[in-house]
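User: I would like to go through some of the labels used for this model and hear what each of them rests on. Please set the values against the cut-offs as you go.

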Amino acid sequence: MSDWHNHQMAAGVREAVQDNESESAANDNQVLRAVGLRQRVAENATLFFVIFDIFHTPGGPEIIHDCTYCSKELGFVHSCRTSLETCSTVDSLIEREYAQIIMEQLPLFEIPNRWTVTELTRYLRQLLESNNSLQGIWVKGEISNLARPASGHLYFALKDSAASLRCVMWRGEASRLRLALSDGAAVEVHGSIRVYEPQGQYQLQADAIRSLGEGALFQEFLRLKALLEAEGLFDEARKRPIPQLPRVIGVVTSPTGAALRDILNTLQRRYPLAEVILAPTPVQGEEAPPGLVAALQSLNQLAHPDVILLARGGGSIEDLWAFNDALVVRAVAASEAPVITGVGHETDFTLVDFVADLRAPTPTAAAELATPITVLDLQASLNDATSRLEAAILALINSQREFVDGLQTNMRYFSPLRRVQTERQRLDELIRRVNAAQAHRIALDRSHIRGLERRLDALNPHSVLQRGYAVVTNKRDRRIVSSKSAVKKDDELNVHVADGEFEARVSL
Amino acid sequence: MLKNVEPKPVEELAYEPAYAELEGIISALETEQRPLDEALALFERGQALAKRCAELLDKAELKVRQLSGEGLAEAAE
């Protein structure tokens, strides 16, 4: 840049301006920058700086200015091209001021005495919005002219006895607002000063609103917190475990609030086996602290719940103030049953949250934390148990069967039948031996008999007959005739020879 | 544990005692040696308990009562 020749630069400026014709959208920042630049240079250098800035930011804005040297109104940049091209002062202007641009950092603050409305408004806007003491500030006052159009944005004025400040809160912030706003409410509004150019108005663009007492309440909150903390009420060691499967769940809240509805819906969905005992109590206002204390006490005495939910829907710090009451905090600490708090929204912290055994961000979350095990978990483990039961009995039956099978095997081994068989076998053996002995004896006897037979044979008279002897018997008395005196004449005799017999008669 | 207690009728048991007894029966069946007829009786009791538990889960409706004065009253949701 520093080695540019002046005429090159002028040409560049012209090109830039021509290029600019094709750019359409104006950019606020560039407008501001151009305007700001213009404000900070000497009058006779204004034109150059304006153009110079556009040159650096294609798509730059509408610039309205008179050429200080030829007095022609340049108007919109694209319409001043002719002037730029023909204005002989441009080159000399650049020539004269060029070195200064390089050397000096926007040195002068010379405000023109002739403004357009737009210029002035932009100048004011730049002035106000760049002023840090007007950004991120708290402004105290009374709300008036509160309007909530369908757009969701909030419009109101903040007033005190002597002045009024227009305020706007965009929909996003307005939807997060916990404070119920109404005309006349004394509040502190946090935001930044903005200028709305079309109407030439400055206004406070709000991002948070708190009631006037809130700041003081917060100090009180901190004081109480320190006090109770020093008493040890918030010690981690005091915190009791939350039962996994509560039978009786105590609920301390307003009987009509959304918190109760959320809690009951959540419990019904997650763990409908429980019984809910509601201890109704105001949760806001003067009666709330004694009501909360009484509810906690009678719930413990009468219902002996397994766990207590202390809950309230969202609200401002004042709405939730009863939950910062020292008596309520002490009643939570003294509770027989563990206490889960669900007070306000996620971002709200009250002192009962610190003393509670468990802190939930919302009433719904408190109900969830009170039922760590849901009916679905129970169903799953019941299914598991049923399978285990069946597996166990099957295993048992199988092992019994194996046992019985084993017994049968054993029984076959030790069976009397087996002894009978053994005995029978022994008997058979004996019988076999007996038989063998018998056979032996028979054989012996037989050979003996054979010997006898042979001896007998030898004595057999028949065998004598073979040798030619004969046996003679008397027919009369059938006696063997072994003497001649045994026969008489004419006795009939039988004569046995080897092959038979014949008759004979005694003749002598 | 299971032997000497006169068992309550299953239909009268709340979920927790029913489930606790079921678990006791399962671990008894899983770890102890028992006569078969005793084991089968336990198994049947276990089955009845499991059925009871399932019914209780299926039919469960959140019961809501309200402290009023010195006592408890049914609360209409």
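The exchange below takes up burial, salt bridges, strand pairing and surface patches in turn.

Analyst: One caution belongs at the start, namely that this is a predicted model, and the values discussed here are computed from it.

User: Why is A:Glu119 called buried?

Analyst: The relative accessible area of A:Glu119 is 12%, and buried means under 20%, so A:Glu119 falls within that class. The residue lies in helix 6 of chain A, which spans residues 117-129, and its side chain reaches the backbone nitrogen of A:Thr116 at 2.9 Å.

User: What makes that approach to A:Thr116 a polar contact?

Analyst: The limit for a pair of N or O atoms is 3.5 Å, and the side chain of A:Glu119 comes to 2.9 Å from the backbone nitrogen of A:Thr116, which is within it. A similar approach is found at the start of helix 11 of chain A, where a side-chain oxygen of A:Asp325 reaches to within 2.7 Å of the backbone nitrogen of A:Leu327. Further along helix 11, which covers residues 326-334, the buried residues are A:Ala326, A:Val328, A:Val329, A:Ala331, A:Val332 and A:Ala333.

User: How do you know that A:Leu120 can belong to a surface patch, and which residues form the patch with it?

Analyst: Patch members need over 30% relative accessible area, and A:Leu120, at 35%, counts as partly exposed, so A:Leu120 passes that cut-off. A:Leu120 is found in helix 6 of chain A and forms a nonpolar surface patch with A:Leu124 and A:Leu127, the three together having about 240 Å² of accessible area.

User: What makes the pairing of A:Asp357 and A:Arg240 a salt bridge?

Analyst: The side chains of A:Asp357 and A:Arg240 meet at 3.0 Å, N to O, whereas the cut-off is within 4 Å for a side-chain nitrogen of Lys or Arg and a carboxyl oxygen of Asp or Glu, so the pair qualifies. A:Asp357 lies in the loop between helix 12 and strand 10 of chain A, and A:Arg240 in the loop between helix 8 and strand 6, so the pair ties together parts that are 117 residues apart in sequence. The relative accessible area of A:Asp357 is 9%, which makes it buried, while A:Arg240 is partly exposed at 26%.

User: How do you know that A:Glu423 and A:Arg426 are about one turn of the helix apart, and how do their exposure classes come about?

Analyst: Both A:Glu423 and A:Arg426 lie in helix 15 of chain A, three residues apart. An α-helix has 3.6 residues a turn, so residues three or four places apart point the same way. The two side chains meet in a salt bridge at 3.4 Å, N to O. A:Arg426, with a relative accessible area of 54%, is exposed, since exposed means over 50%; A:Glu423, at 36%, is partly exposed, because that class lies between 20% and 50%.

User: Why is A:Asp491 counted as buried, and which residue does it meet in a salt bridge?

Analyst: A:Asp491 has 8% relative accessibility and so counts as buried, and its side chain meets that of A:Arg476 in a salt bridge at 3.1 Å, N to O. Both residues lie in the loop between strand 11 and strand 12 of chain A, so the pair ties together parts that are 15 residues apart in sequence. Elsewhere, salt bridges that share partners join A:Arg122, A:Arg125, A:Glu129 and A:Glu197 into one network, and over all chains the structure holds 20 salt bridges.

User: What makes strand 1 and strand 2 of chain A a pair?

Analyst: Pairing requires at least two bridges, and four bridges join strand 1 to strand 2 of chain A in the antiparallel sense, so the requirement is met. A:Ile143 stands opposite A:Leu158 in strand 2. In chain A, a closed barrel of five strands runs 1-2-3-5-4 with mixed pairing, and its neighbouring strands are turned by 55° against each other on average, direction ignored.

User: How do you know that strand 6 and strand 7 of chain A pair, and how many residues of strand 7 are buried?

Analyst: Strand 6 and strand 7 of chain A pair in the parallel sense over six bridges, where at least two are needed, and A:Gly250 stands opposite A:Ile277 in strand 7. Five of the six residues of strand 7 are buried, so the strand is mostly covered.

Methods. Residues are numbered from 1 along each chain as its sequence is written. Chains are lettered from A and ligands numbered from 1 in the order in which they are written. This is a predicted model: local features need pLDDT of at least 70, side-chain atom pairs count only at pLDDT 80 or more; totals for chains, interfaces and linings use all residues. Side-chain values use heavy atoms; hydrogens and water are left out. Buried means under 20% relative accessible area, exposed over 50%, partly exposed in between (1.4 Å probe, protein chains only). Helices (H or I, at least four residues) and strands (E, at least two) are DSSP runs, numbered from the N terminus. A polar contact is a pair of N or O atoms within 3.5 Å; within protein, one must be able to donate a hydrogen and the other to accept it, and residues adjacent in sequence count only if both atoms are side-chain atoms. Patches are made of residues with over 30% relative accessible area and no salt bridge: like charges are joined within 9 Å, nonpolar side chains (Val, Leu, Ile, Met, Phe, Trp, Tyr) within 5 Å. Accessible areas come from the Shrake-Rupley method with a 1.4 Å probe; for residues, only the protein chains shown count as cover. Axes are lines fitted to C-alpha atoms, for helices over the stretch in contact, and angles run from 0 to 180 degrees between N-to-C directions.
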